[in-house]
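Here is a short, friendly tour to read with the model open beside you. It goes from enclosed space to sheets and then to a few single residues.

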Amino acid sequence: MLKTYFSFQIMNLVLTSLTENKVRIFILASQFIVTNYSSIDLHCWSFALPSNERLEQFKLSNSGPHSCCYSLLKNGVKSENPKGTVLTMLNNVSHRKGKIKSNANFNNYLTIYQRRENGSEFSAPILLNKPIARKCLSVPQEDPADRRRQHQALSLSIVSHQGQQHVSIYNDPCPSYAIENRTDFNMYVAQSDTVQSNKAATAVPETVESNFSWFQTVGSRQTVFYTPPALDDHFPEPQETTEIALIFACVSGSAIRWSHPVKIDEDKSIFLNIPLYGDLKLAMKVRNRTTVLVIDYISQDLEFSAK
């Protein structure tokens with residue numbers, strides 16, 4: 001692989017060769033190709049960081065306006081000649097650009113959004129360095145009928161072939177959870193590292209070997225689709241035996257303080273205490289394909305389990 005480094009951008013190229021009619025042919029191509037098989041047109045932003053650099057306060061919305069954005073026009077799933085998008089350049093978002101050595105290794109990322117004017121609302125960042133069997137995403141989109149912000153459930157896979165990383169994006173017909181936030185504040189959701197409700201929990205990283213922490217935001221008055229990383233990691237193995245608990249936190253300018261783990265295993269309504277906010281009601285409706293979670297204020301005339 002060939003890597004060209006600029007102050008603000010990175011170019012990753014793959015050099016291969018073949019022999020035809022006793023003539024050696026060299027082929028120079030981009031390392032990353034993205035093909036959109038979903039039902040909607042998308043955009044993506046590609047960026048890179050030195051593999052040994054850790055950003056504690058990195059936020060995707062702080063990086064715009066930015067270059068290295070690409071249009072991902074939709075292809076039919078059964079298209080005989082699908083058109084992919086070549087990611088020629090990636091933004092270098094390092095905080096120490098002037099100190100990077102020419103032989104530095106980079107982690108390369110991709111994040112997806114639907115509209116350029118709403119480019120600050122990105123999906124989960126995807127590490128492009130390694131193959132991925134499945135990674136589920138939730139991408140904000142607008143409903144032209146009422147202008148409300150909806151979310152589209154997508155899934156993504158990465159396959160390596162001759163040094164190139166081929167990224168494919170599809171509709172996700174069965175995300176694990178549809179989380180509706182009926183409150184007036186934004187919150188984070190993450191997979192808990194424990195299913196014991198009486199233990200303090202930490203969040204399972206969404207991306208292993210990542211340069212930063214990222215958690216799914218469930219915006220006020222929005223419904224977001226979420227699939228925990230453990231289910232993606234074990235795909236396509238059966239998931240019925242995997243025990244999962246979720247944790248929630250208030251989006252604020254201070255350090256993240258998570259709730260106690262909530263195991264999603266049956267239809268019920270419980271108290272959910274979110275630090276920095278207080279008690280809310282969490283209603284669960286377990287279905288075969290997608291489990292619906294509704295977070296709402298507590299009404300005085302309602303009774304439900306406090307477990």
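The report below starts with the ground rules and then takes up cavities, sheets and loops.

## Ground rules

This is a predicted model, in which local features need pLDDT of at least 70 and side-chain atom pairs count only at pLDDT 80 or more, while totals for chains, interfaces and linings use all residues. Residues are numbered from 1 along each chain as its sequence is written, and side-chain values use heavy atoms, with hydrogens and water left out.

## Enclosed space

Rolling a probe the size of a water molecule over the atoms shows where empty space is left. Here a cavity is a set of points, on a 1 Å grid over the protein atoms alone, where a 1.4 Å probe fits but cannot get out; lining residues have an atom within 4 Å of a point. Grid points are joined across faces, edges and corners, and a volume is the space filled by probe spheres set on the points. By that recipe the structure holds 2 cavities of 30 Å³ or more, and the largest has a volume of about 60 Å³.

The lining of the largest cavity consists of Ala124, Lys135, Cys136, Leu137, Ser138, Glu206, Trp214, Gln216, Phe225, Tyr226 and Thr227. Two or more of these residues come from each of strand 11 (132-142) and strand 17 (222-226), where a strand is a DSSP run of E with at least two residues, numbered from the N terminus. Strand 11 gives the most, with 4 residues. By residue class, the lining divides into 6 nonpolar, 3 polar and 2 charged (Ala, Val, Leu, Ile, Met, Phe, Trp, Tyr, Cys and Pro count as nonpolar, Asp, Glu, Lys and Arg as charged, and the others, Gly among them, as polar). Domain 1 (1-173) and domain 2 (175-306) each supply at least three residues to this lining; the domain bounds come from an automatic or database domain assignment.

## The sheet of five strands

Strands of a sheet pair through backbone hydrogen bonds, either parallel or antiparallel. In this report two strands pair if DSSP finds at least two bridges between them. One open sheet has 5 strands in the order 17-14-22-21-20, with mixed pairing. Its edge strands are strand 17 and strand 20 (268-274), each pairing on one side only. The twist averages 25 degrees from one strand to the next (axes are lines fitted to C-alpha atoms, and angles run from 0 to 180 degrees between N-to-C directions).

Strand 22 (residues 291-296) pairs with strand 21 (residues 278-285) in the antiparallel sense over 5 bridges, and the two form a hairpin with 5 residues between them. Methionine 284 has leucine 293 as its bridge partner in strand 22, and lysine 285 has valine 292. Strand 14 (residues 177-181) runs parallel to strand 22, joined by 5 bridges; there, tyrosine 177 is partnered with threonine 291. Because 5 of its 6 residues are buried, strand 22 is largely enclosed by the rest of the structure. Buried means under 20% relative accessible area, exposed over 50%, and partly exposed in between (1.4 Å probe, protein chains only).

## The sheet of four strands

A second open sheet has 4 strands in the order 16-15-18-19, with antiparallel pairing. Strand 16 (216-218) and strand 19 (262-263) are its edges, each pairing on one side only. Strand 15 shares 3 bridges with strand 16, including tyrosine 188 with threonine 217, and 5 bridges with strand 18, where alanine 190 stands opposite isoleucine 247. Strand 18 (residues 245-250) and strand 19 are joined by 2 bridges, and leucine 246 stands opposite valine 262.

In a regular strand the side chains alternate between the two faces of the sheet. In strand 15 (residues 187-191), 5 of the 5 residues are buried: Met187, Val189 and Gln191 on one side, Tyr188 and Ala190 on the other.

## Three loop residues

Lysine 22 lies in the loop between strand 2 (9-20) and strand 3 (23-30). Its phi is near 65 degrees, a positive value in a residue other than glycine, and lysine 22 counts as exposed at 85% relative accessibility. Glutamine 162, in the loop between strand 12 (149-161) and strand 13 (164-171), has a positive phi near 50 degrees and is exposed at 59%.

Phenylalanine 122 sits in the loop between strand 9 (106-113) and strand 10 (126-127) and is buried, with a relative accessible area of 10%. The C-alpha atoms of phenylalanine 122 and leucine 137 are separated by 9.8 Å, with the two residues 15 apart along the chain.

Conventions. On a 1 Å grid over the protein atoms alone, a cavity is a set of points where a 1.4 Å probe fits but cannot get out, and a pocket is an open set with protein on both sides within 12 Å along at least five of seven lines; lining residues have an atom within 4 Å of a point.
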